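Visitor: I am new to this structure, and I would like to learn how to read some of its features. Could you take me through them slowly?

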Amino acid sequence: MYGLRIRAAVPEDSESVSKLICGLVEKFIARELSSLGRVYLLSTITADAISLNMQSGYRYHVAEVNGLLTGVIAVRDNSHLYHLFVAEQYHRKGIAKKLWQHAMNECLRDGNTGEFTVNSSAYALGVYKKLGFVAQSGPREKKGVVFYPMKLTLTLHQSALATSQDSES
């Protein structure tokens, strides 16, 4: 996509990242949740919560198109995909895939051996499957939030190819 830039998020991005995620959660995910789950999930995506995640070592990156925030990705523990959200008007334009490739390659560079996990909403299952994740079980629930545990295991060849492609870009 023309004008797309992916960069490391900084604490000053917390407010705009929270606003993006909250809007998408309300539109696409909240209806899957109990009222308790909705309250809990929304409490984890406030600007303060995101800022605290950044301070705690979660790695956030943002996608911008011509300076406008269009997507965000966060990885915890160098292996767990924690957030992946793209503004609705930019869905199906490859931004989620580019964010994932960027974050995955950074994890591989930092010692990840090629295993990644994500807890997907029902809404996002198709996206994660396209990225190569495989469901590990049916739906699970924690604090009123229903999710589907998924895993991606790269072969050694895929890991080497991913890191070499990233260094070329």
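Guide: What follows is a short conversation about a helix pair, a nonpolar core and two loop residues, in a model that is predicted.

Visitor: How does one describe two helices that pack against each other, and at what angle do the axes of H1 and H2 cross?

Guide: Two packed helices are described by the angle between their axes together with the distance between those axes. Here the axes of H1, residues 14-29, and H2, residues 35-43, come within 11 Å and cross at roughly 160°. Because angles over 145 degrees count as roughly antiparallel, H1 is roughly antiparallel to H2. The crossing in which H1 passes H2 is right-handed.

Visitor: Which residues of H1 and H2 make the contact?

Guide: From H1 the contact is made by Cys22, Val25, Glu26 and Ile29, and from H2 by Arg38, Leu41 and Leu42. Sorted by class, the contact of H1 with H2 has 5 nonpolar and 2 charged residues, and no polar ones.

Visitor: Staying with helix H1, is Ile21 buried or exposed?

Guide: Burial is read from the relative accessible area, and a residue counts as buried when that value is under 20%. Ile21, which lies in H1, has a relative accessible area of 0% and is therefore buried. Leaving aside residues up to four places away in sequence, Ile21 touches Ile45, Ile50, Val72, His83 and Phe85. A separation in sequence can also be set beside a distance in space: Ile21 and Val86 are 65 residues apart in sequence, while their C-alpha atoms are 8.2 Å apart.

Visitor: How many residues does the largest nonpolar core have?

Guide: The largest nonpolar core has 49 residues, and those with the most contacts inside it are Tyr60, Trp100, Phe116, Tyr128 and Phe133. To take one of these, Trp100 touches Ile73, Leu81, Phe116, Leu131, Phe133 and Leu152, again not counting residues up to four places away in sequence.

Visitor: Which loop holds Asn78, and what is its phi?

Guide: Asn78 lies in the loop between strand E3, residues 68-76, and strand E4, residues 80-86. Its phi is positive, about 60°, although Asn78 is not a glycine. With a relative accessible area of 18%, which is under the 20% limit, Asn78 is buried.

Visitor: And where is Arg92 found?

Guide: Arg92 is found in the loop between E4 and helix H4, residues 95-109, and its phi is near 65°, a positive value in a residue other than glycine. Arg92, however, is exposed, with a relative accessible area of 81%, whereas Asn78 is buried.

How values were computed:
Residues are numbered from 1 along each chain as its sequence is written. This is a predicted model: local features need pLDDT of at least 70, side-chain atom pairs count only at pLDDT 80 or more; totals for chains, interfaces and linings use all residues. Side-chain values use heavy atoms; hydrogens and water are left out. Helices (H or I, at least four residues) and strands (E, at least two) are DSSP runs, numbered from the N terminus. Buried means under 20% relative accessible area, exposed over 50%, partly exposed in between (1.4 Å probe, protein chains only). Contact means heavy atoms within 4.5 Å. Axes are lines fitted to C-alpha atoms, for helices over the stretch in contact, and angles run from 0 to 180 degrees between N-to-C directions. Angles under 35 degrees count as roughly parallel, over 145 as roughly antiparallel, 65 to 115 as roughly perpendicular and the rest as oblique. A crossing is left-handed if the near helix is turned anticlockwise from the far one by less than a right angle, and right-handed if clockwise. Ala, Val, Leu, Ile, Met, Phe, Trp, Tyr, Cys and Pro count as nonpolar, Asp, Glu, Lys and Arg as charged, and the others, Gly among them, as polar. A nonpolar core is a set of buried Ala, Val, Leu, Ile, Met, Phe, Trp, Tyr and Cys residues joined through side-chain atoms within 4.5 Å.
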